[in-house]
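Please open the model in the viewer and display the cartoon together with the side chains. The tour begins with a term and then moves from one selection to the next.

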Amino acid sequence: MSGAIYPGSFDPMTRGHVSIIRSGLVAFDRLVVAVLRNPRKDALFTIEERVEMIREEFKDTPAVEVDSFDGLLVDYCRRKNVRIVLRGLRAVADFEYELQMANMNRHLSPDIETMFLMANDAYFYVSSNLVKEAAKLGGDVSRLVPDSVASRLSAKLGLPPKG
Ligand code: ADP
């Protein structure tokens, strides 16, 4: 069975992430969506909340497993017995960072490959950070995130539910 790991911060998951996961399932029988336990000062949601929101979105899709990890991604891949890392590419701005990471991971573990899927054009400019910024200022981001995220985002920011 072919599997891949889709790692990221997912703070929170957007419809851009959802679209990469759904496209990834065309190629892989099993996809592990792995939330990085990286203590970031600007995080809005806890790791547990992020994992829960992703689980809720994919509760009817058994091929998607949701997990969290810390330490090196390549070590996590080995623990999960998976050799492919899936990442999404949006604008050119993603390219440099993604190339650096893919090359570092290849250096650390040549048997693990990184594969990229192009972002859906509808979500090309959607990032977790921009979604958070717009929502904090009262903007309606309900069409850019899954429903499970929209309600929690409003609750987290103390805003009335939108959409
Ligand atoms: P990280 O902090 O690891 O970049 P993110 O949660 O921001 O974590 O993103 C995880 C992966 O999903 C990255 O490969 C990123 O480029 C990709 N991604 C983020 N937003 C989108 C989007 N709107 N469309 C496609 N891919 C995306």
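On a 1 Å grid over the protein atoms alone, a pocket is an open set of points where a 1.4 Å probe fits, with protein on both sides within 12 Å along at least five of seven lines, and its lining residues have an atom within 4 Å of a point. This is a predicted model, in which local features need pLDDT of at least 70 and side-chain atom pairs pLDDT 80 or more, while totals for chains, interfaces and linings use all residues. Residues are numbered from 1 along each chain, and side-chain values use heavy atoms, without hydrogens and water.

Select first Ser 9, Arg 87, Arg 90, Tyr 97 and Glu 98, which lie nearest the centre of the largest pocket among its 40 lining residues. Next, colour α4 (92-108), the source of the largest share of this lining, with 8 residues. Helices (H or I, at least four residues) and strands (E, at least two) are DSSP runs, numbered from the N terminus. β1 (3-8) and β4 (84-89) are among the other elements that each supply at least two lining residues.

Now turn to helix α2 (residues 47-57) and helix α6 (residues 147-157), whose axes, lines fitted to C-alpha atoms over the stretch in contact, come within 9 Å and cross at roughly 150 degrees. The two helices are therefore roughly antiparallel, a term for angles over 145 degrees. Their contact (heavy atoms within 4.5 Å) includes Glu 49 and Met 53 of α2 and Arg 152 and Lys 156 of α6.

Finally, view the whole chain, with its 6 helices and 5 strands.

Key
Axes fitted to C-alpha atoms, helices over the stretch in contact; angles between N-to-C directions. Parallel < 35°, antiparallel > 145°, perpendicular 65-115°, else oblique.
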